[in-house]
Amino acid sequence: MIRQHYFERVSSTMDVIHRLAGEGAEAGTAVIAGEQLEGRGSRGRAWRSPPGGLWLSVLFRPSTAAGVEVTSLRVGLAVAESIEAYAGCRIGLKWPNDIILDGRKLGGVLCEARWQGDTLGWIAVGIGVNVRNRVPTELAGVAVSLAHHRPDAVADDLADPVVAALRDLDLGAGQLSAAEMSRFARRDWLRGRRVTEPAVGTAMGIHADGALLIRPPQGPDISLRSGPVELAAVSHSR
């Protein structure tokens with residue numbers, strides 16, 4: 001039986017899953033924590049992980065590296081669909097790794113690959129979802145907890161369906177399939193919005209290879225593979 005480890009408190013579930021991977025843990029191994037003291041998000045940012053949220057990591061050992069570029073999108077889809085099935089609320093996705101509820105950030109996906117020379121050793125996938133934890137006042141305009149929509153939401157109840165959905169993924173499958181593209185499009189929170197970074201224009205969805213498509217004011221569409229994405233300020237006429 002695939003191991004699922006639970007810790008009341010850790011520095012980071014990603015640190016633990018990488019250690020277990022280096023010790024030979026099998027694909028599907030999961031690490032769940034009640035609290036992270038040094039949780040991290042994308043681009044090295046700190047991720048506040050107090051008690052009440054869902055903080056977990058899952059180990060993958062894809063047979064090929066063909067799907068590495070779309071890993072965060074593939075994982076995000078699985079997590080969004082799991083949360084929606086559990087909570088009964090519409091969950092969106094913001095390229096490349098944000099989970100959105102009511103226009104605010106509910107959670108995020110962090111993917112870290114480890115290589116042995118040119119060979120992919122493993123991928124650690126980290127998930128952070130605000131469930132019952134209090135969102136800091138200074139972030140209330142941009143972040144939200146699931147309990148805001150479903151007051152009885154509990155992180156422990158969400159953990160099993162999320163881990164099960166992740167274990168079903170094939171992260172070596174290569175580019176996103178037509179079905180995955182369609183599923184993502186239904187949740188694409190960014191599509192149609194004007195952005196200023198990493199390029200100026202309007203978000204037009206994603207490509208099967210995971211690139212974000214931006215339509216600039218002039219010229220052909222631009223394909224972008226890295227963020228962060230900054231939205232254009234909304235002007236209010238008087």
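Which element gives the most to the lining of the second largest pocket? Keep that in mind as you click through; this is a predicted model, and the tour gets to the pocket shortly.

**Stop 1: the core**

Start by selecting Leu 146 and Leu 166. They have the most contacts inside the largest nonpolar core, which has 53 residues. Now colour helix H2, residues 71-87. H2 brings nine residues to this core, the largest share. As a rule of thumb, nonpolar side chains in soluble globular proteins tend to be buried together.

Stay on Leu 146 and show what surrounds it. Leaving aside residues up to four places away in sequence, Leu 146 touches Ile 83, Tyr 86, Ala 87, Cys 89, Leu 101, Leu 106, Asn 130, Val 131, Ala 153 and Leu 158.

One of those neighbours, Cys 89, deserves a click of its own. Its relative accessibility is 3%, so Cys 89 counts as buried. Then jump to Cys 111: with 29% relative accessibility, Cys 111 counts as partly exposed. If you were about to look for disulfides, the count is zero.

**Stop 2: helix H1 and the second core**

Next, select residues 13-22, which make up helix H1. Is H1 largely enclosed or largely open? Seven of its ten residues are buried, so H1 is largely enclosed by the rest of the structure. To see them, pick Thr 13, Met 14, Val 16, Ile 17, His 18, Leu 20 and Ala 21.

Now switch on the strands around the helix. The cover over the buried residues of H1 includes S1 (4-7), S2 (30-33), S3 (54-60), S6 and S7 (119-129).

Two of the buried H1 residues, Val 16 and Ala 21, also turn up elsewhere on the tour. A second, separate core has 13 residues, and Val 16, Ala 21, Val 31 and Trp 122 are among them.

**Stop 3: the second largest pocket**

Back to the opening question. Select strand S6, residues 104-116. S6 gives the most to the lining of the second largest pocket, with five residues. H2 also supplies at least two residues of that lining.

The pocket has a volume of about 450 Å³. Of its 21 lining residues, the closest to the centre are Glu 69, Ser 72, Pro 96, Asn 97 and Arg 225, so select those if you want to centre your view there. By class, the lining has nine nonpolar, seven polar and five charged residues.

**Stop 4: the cavity**

Keep Ser 72, Pro 96 and Asn 97 selected, and add Leu 73, Gly 76, Leu 93, Lys 94, Trp 95, Asp 98 and Phe 184. Together these residues line the largest cavity. The cavity holds about 40 Å³ of space, and the structure has one cavity of 30 Å³ or more.

The elements giving two or more residues to the cavity lining are H2 and strand S4 (92-94). H2 gives the most here, with three residues. Five lining residues are nonpolar, three polar and two charged.

**Stop 5: Ser 223**

Finish on strand S11, residues 222-224, and pick out Ser 223. Is Ser 223 buried or exposed? It is exposed, with a relative accessible area of 52%. Leaving out residues up to four places away in sequence, Ser 223 touches Ala 211, Leu 212 and Leu 213.

For a last step, draw a distance from Ser 223 to Glu 69. Their C-alpha atoms are separated by 13 Å, with their positions 154 residues apart along the chain.

Key
Residues numbered from 1 in each chain as written. Predicted model: local features only at pLDDT ≥ 70, side-chain atom pairs only at ≥ 80, totals over all residues. Heavy atoms only, no water. 1 Å grid on protein atoms, 1.4 Å probe; cavity = no way out; pocket = protein on both sides within 12 Å on 5 of 7 lines; lining within 4 Å. Points joined across faces, edges and corners; volume = space filled by probe spheres on them. Helix = DSSP H or I, 4+ residues; strand = E, 2+ residues; numbered from the N terminus. Nonpolar A, V, L, I, M, F, W, Y, C, P; charged D, E, K, R; others polar. Disulfide = S-S within 2.5 Å. Buried < 20%, exposed > 50% of the residue type's maximum accessible area, 1.4 Å probe, protein only. Core = buried A, V, L, I, M, F, W, Y, C linked by side-chain atoms within 4.5 Å. Contact = heavy atoms within 4.5 Å.
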